[in-house]
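I opened my notebook for a first walk through this model. Come along, and I will jot down what I looked up as I go.

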Amino acid sequence: MLINKPPGIRPSEITPESVFRNRRQLLRAAGLGGAGLLLGTGCSAEESEASGALKSLDVVKGSSFSTDEPMTDYEDITSYNNFYEFGLDKSDPARLSGDFKPRPWSVEIAGEAAKTGVFDLDDIIGPHPIEERIYRLRCVEAWSMVVPWNGIPLGDIIKRFEPTSRAKYVAFETVVRPSEMPGQRRGVLDFPYVEGLTMAEAMHPLTLLAVGLYGRELPNQNGAPLRLVVPWKYGFKSIKSIVKISFTETEPPTTWSLSAPREYGFYANVNPEVDHPRWSQAKERAIGGGVFSPKKPTLMFNGYAEQVASLYEGLDLRKNF
Ligand code: MTE
């Protein structure tokens, strides 16, 4: 998310993105990457190796919300990450999240709802079928991926907790565990990472609470064991490793709008017409497409305008970025 380098991190500790990408290209060229097509499994050879320890999930496929764009390789989705709790570099979450323990896991449900308390994750997701949703993820840094998420529509889960009429927003909070999350020990951001949605956004059928990807539980670097996925918003709204969900009357604070309010707003809808103060949002680079692949134009609401534009009628999207 392009923040200033915090004190205490030497420049040599941060792999420039170009070096990282070139390493991947070299592996590919040497036949060590992206072998999925050869196997014909739809997942890469690295997946079977890297995801070996992750439980496979019983997944209902064929959602009408899924895109038919080609999916990004498992290896790219799980090695090129933003998860500042584990560090700033894109390779840090995969490299440094080995000590993180996503089980047992509980989530606190709080605020304006009839049913609140601390619930075991299995009780929260247990009654629901897990769906496959193939969504585009568009990062505010102008890159994108296509990810086969496995999860449950957030609205289905929310309904069970019976939010009151005062619940206008839903706030989310990530776990704080400095002993397992090296980025938290360095104070890279103000933790816990917090995010929020309006109630209408949270209840929208596209909004997913993901528990897996490519038919297996989420790897730690992608937000195990439970993360949000809001496909029409910049990736930073999709908060990882959630431990608290609160229903609130007023707009909740969000990590990036707290740390750089001129650059990141509460809404953060993908919008090619509103530039980031430091770069254009008109185009994006597909992760895994190779360094020479042309950039693609970014679509309003990340291509989901038909489904979500009505949520923002009458709202000035330049002011409410
Ligand atoms: N959630 C937490 N807790 N911490 C983070 O640093 N990064 C966000 C989002 N969720 C982040 C987070 C950003 S900037 C992006 S682009 C997506 O996670 C990246 O998700 P991915 O690594 O699964 O692609």
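**Entry 1: a buried pair.** I started with lysine 233 and glutamate 201, and I found both of them buried. Please keep in mind that I am reading a predicted model here. I then checked how the two side chains meet: lysine 233 and glutamate 201 form a salt bridge, at 2.7 Å from N to O. Their places in the chain are distant, with the two positions 32 residues apart: glutamate 201 belongs to helix H9 (residues 199-203), while lysine 233 is in the loop between strand E10 (227-229) and strand E11 (242-248).

**Entry 2: other salt bridges.** I wanted the total next, and I noted 15 salt bridges. As a reminder to myself, side chains of opposite charge can pair when their charged atoms come close. One of the pairs is aspartate 122 with arginine 103, whose closest N and O atoms are 2.9 Å apart. Aspartate 122 is in helix H6 (residues 121-125) and arginine 103 is in the loop between helix H5 (92-96) and strand E2 (106-111), so this salt bridge ties together parts 19 residues apart in sequence. I looked up the accessibility of both partners: aspartate 122 is partly exposed at 43%, and arginine 103 is partly exposed at 38%.

I also looked at glutamate 180, which meets arginine 177 in a salt bridge of 3.0 Å, N to O. Where does glutamate 180 fall, buried or exposed? Its relative accessible area is 14%, and the cut-off for buried is under 20%, so I wrote down buried. Last for this entry, I found a network: Glu69, Arg136, Arg138 and Glu284 are joined by salt bridges that share partners.

**Entry 3: the ligand.** Which residues are closest to the ligand? I listed Asn81, Tyr84, Glu85, Arg227 and Lys240, out of 16 residues that surround the ligand. I then followed some of the polar atoms. Tyrosine 84 places a backbone N or O atom 2.8 Å from a ligand oxygen. Glutamate 85 uses its side chain instead, with a polar atom 2.8 Å from a ligand nitrogen. Serine 238 has a backbone N or O atom 2.9 Å from a nitrogen of the ligand. How much of the ligand's accessible area does the protein cover? I noted 100% of the 540 Å² that the ligand has on its own. The ligand sits in the largest cavity.

**Entry 4: arginine 216.** I found arginine 216 in strand E9 (residues 216-217), partly exposed at 22%. A polar atom of the arginine 216 side chain lies 2.8 Å from the backbone oxygen of leucine 54. I also compared positions with aspartate 58: arginine 216 is 158 residues away from aspartate 58 in sequence, yet their C-alpha atoms are 8.7 Å apart in space.

**Entry 5: backbone details.** I came across a cis peptide bond between phenylalanine 191 and proline 192, with omega about 5°. Proline 192 is in the loop between helix H8 (182-185) and strand E7 (194-198). The bond from alanine 224 to proline 225 is cis too, with omega near -5°, and proline 225 is in the loop between E9 and E10.

I closed with phenylalanine 301, a residue other than glycine with a positive phi, near 50°. Phenylalanine 301 is in the loop between strand E13 (296-297) and helix H11 (305-308) and is buried at 4%. Asparagine 302 has a positive phi of about 60°, is found in the loop between E13 and H11, and is buried at 0%.

Technical notes
Residues numbered from 1 in each chain as written. Predicted model: local features only at pLDDT ≥ 70, side-chain atom pairs only at ≥ 80, totals over all residues. Heavy atoms only, no water. Salt bridge = Lys/Arg side-chain N within 4 Å of Asp/Glu carboxyl O. Helix = DSSP H or I, 4+ residues; strand = E, 2+ residues; numbered from the N terminus. Buried < 20%, exposed > 50% of the residue type's maximum accessible area, 1.4 Å probe, protein only. Near = heavy atom within 4 Å. Polar contact = N/O pair within 3.5 Å; in protein donor to acceptor, adjacent residues only side chain to side chain. Areas by Shrake-Rupley, 256 points an atom, 1.4 Å probe, with all protein chains shown as cover. 1 Å grid on protein atoms, 1.4 Å probe; cavity = no way out; pocket = protein on both sides within 12 Å on 5 of 7 lines; lining within 4 Å. Sits in = over half its atoms within 2 Å of the grid points.
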